[in-house]
Amino acid sequence: MTRSFDFLAEQLDALDRSSRRRRLIPRIHRGISFIENGQYLVNFGSNDYLGLASSEALQSRHPMSELRGSGASALVCGWTDEHQELADQIALLEGTEAAVVFPSGYAACSGVVATLPSERDLILSDELNHASLIDGCRLSRASRHIYPHRDLISLETLLSNNRNQYREVWIVTDGVFSMDGHI
């Protein structure tokens, strides 16, 4: 059965109409400033107060160091041309309109689960999900039920008993459970 996700497009349209939709803007970093539309701007949104994350002097002394970084969230000032190129290449590879790049698997799991379900939805979550999925469920505005680990009968019962009360029902589960290796 193919589900329509028109409700996501409607939510994005509503954000556009209220000028509340945030968009990533690729920026070129130069120490504690960045370049936007050919203009140098001082970066007051970064956690990199001294410009160490992009220091050429430090990089030449310690080329293998982990000092280089964005210094802030992608939406504030951490989205570079390289990030945009990676997202564009992933979208091209997958044949999709766009792709999202997260800084870690934890951020991807918690961010997606926290963002997609709304207050009109229900999340059904396996009790042994990874902490990143559990945190995403907790951060979501959706109602949630936790079902016993890999218990499809309990999951089916929860789904049939609750499906008609919610706009969408999201089943959140690991593909491979990291603590015990269950699939």
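Two aromatic pairs are present in this structure, which is a predicted model. In one of them, the ring centres of Phe5 and Phe7 lie 5.8 Å apart and the planes meet at 50°, so this pair is classed as tilted. That class applies because planes under 30 degrees apart would count as stacked and those over 60 as edge-to-face.

The partners in this pair can be described by their accessibility. Phe5 is partly exposed, with a relative accessible area of 42%. Phe7, at a relative accessible area of 9%, is buried, since the cut-off for that class is under 20%.

The ring of Phe5 also pairs with that of Trp170: the two centres are 6.3 Å apart and the planes are at 40°, so this pair is tilted as well. Here the contact joins distant parts of the chain, for Phe5 belongs to the segment before α1 (6-17) and Trp170 to strand β6, 165 residues apart. Trp170 has a relative accessibility of 18% and therefore counts as buried. Through these ring pairs, Phe5, Phe7 and Trp170 are linked into a cluster.

Strand β6 also appears in the surroundings of helix α5. This helix spans residues 105-115, and its buried residues are Ser110, Gly111 and Val113. Among the elements that cover these buried residues are β4 (122-126), α6 (131-139) and β6 (169-172). Strand β6 thus has a place in both parts of this description: it contributes Trp170 to an aromatic pair with Phe5, and it is included in the cover over the buried residues of α5.

Technical notes: Residues are numbered from 1 along each chain as its sequence is written. This is a predicted model: local features need pLDDT of at least 70, side-chain atom pairs count only at pLDDT 80 or more; totals for chains, interfaces and linings use all residues. Side-chain values use heavy atoms; hydrogens and water are left out. Buried means under 20% relative accessible area, exposed over 50%, partly exposed in between (1.4 Å probe, protein chains only). Helices (H or I, at least four residues) and strands (E, at least two) are DSSP runs, numbered from the N terminus. Contact means heavy atoms within 4.5 Å. Rings of Phe, Tyr and Trp (its six-membered ring) pair if their centres lie within 6.5 Å; planes under 30 degrees apart count as stacked, over 60 as edge-to-face and the rest as tilted.
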